[in-house]
Amino acid sequence: MRDIVKGKRIVVTGSSSGIGLETARVLTEQGAEVLGVDITKGFDHVEEFYRADLSDGATVNALIDVLPEGVDGLVNNAGLPPTQPADKLLAVNLVGLKHLTLGLIPKLSDGASIVNVASLAGFGWPGATDAIKAADDLGFEGIGEFIERWKVSSEGGRSYFFSKEALIVWTMRNRWTWRDRGIRMNCVSPGPVDTPILGDFLKTLGARAEEDRRIMDRPGAPRDIAPVIMFLLSDMTSWIRGTNIPVDGGMSSNLMCGMHGL
Ligand code: NAI
């Protein structure tokens, strides 16, 4: 598989660390033009860098304005770990992500691919559909009230789990929204990946992390995730729509087998 993203203009959020950095690096190496977005400083692995706080609506609007037309791919990767305050986390991981995506649609090329970086933490979405539906029209200003009403505070990492559950469902529900323009959206759901925020996850999971360690051969690395994102950005995947691809060393299959007595 050569040149699968060559010449494509791709926006990657959270491009300064971990999975986003590796994704931007691999895409650039493969001949894509990467436009990186992050709240911290950028590096030279991107063609252009836009410093932006995706938890702030006005900043996201300004970003949408300055990004160029003709974007062939959007990787919604920026995210905060469960140890961060719930309002900030939901603003970045869900509300800001949706706001950026919807605002960028007019600037996307026909046939563009949107890839959302969700998580194994979103696996339990079928148990949260009422709250997920209630989050449909959630804007930046309503987050505090929503956290109270739907009990998605940072306690036990619930805000993080919810942000990823809602993201997987949002992706599924938008399987055909932009079908007339050939624009598709999918998720990649990593298991535990060795990046600067892995420690936050383990801290939040507590005893559950011990169980994960028992079934995990090794934590993932950003290089395990980036190629799958790149694959979804390529034209080869134009009939993959609204789906979620786990990249987790078998952990979601393990959960599924356990749930169904297999
Ligand atoms: P990371 O912390 O290494 O990278 C996240 C990037 O997002 C950072 O560069 C950070 O500055 C940026 N970011 C955070 N808040 C921002 C904001 N307000 N505006 C703009 N940029 C912001 O973390 P990692 O592990 O690479 O995470 C990337 C994505 O992968 C996240 O969405 C995370 O939830 C997801 N994920 C990570 C897993 C892991 O074990 N590391 C497992 C499953 C999913």
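Here are a few notes on one buried residue and some salt bridges in this predicted model.

1. Ground rules. Because this is a predicted model, local features need pLDDT of at least 70 and side-chain atom pairs count only at pLDDT 80 or more, while totals for chains, interfaces and linings use all residues. Residues are numbered from 1 along each chain as its sequence is written, and side-chain values use heavy atoms, with hydrogens and water left out.

2. Take a look at N186. Its relative accessible area is 0%, so N186 is buried (buried means under 20% relative accessible area, exposed over 50%, partly exposed in between, with a 1.4 Å probe and protein chains only). Setting aside neighbours within four places in sequence, N186 touches residues including I114, T171 and R241 (contact means heavy atoms within 4.5 Å).

3. Now the salt bridges: the count comes to nine (a side-chain nitrogen of Lys or Arg within 4 Å of a carboxyl oxygen of Asp or Glu). One of them pairs K8 with D235, at 2.8 Å from N to O. These partners sit 227 residues apart. K8 is buried, at 12% relative accessible area.

4. R9 and E33 also pair up, at 3.1 Å from N to O; they are 24 residues apart. R9 is partly exposed at 23%, and E33 is partly exposed at 25%.

5. Finally, D110 bridges to R181, with the closest N and O atoms 2.9 Å apart. The pair ties together parts 71 residues apart in sequence. D110 is exposed at 59%, whereas R181 is partly exposed at 25%.

Definitions and conventions:
Helix = DSSP H or I, 4+ residues; strand = E, 2+ residues; numbered from the N terminus.
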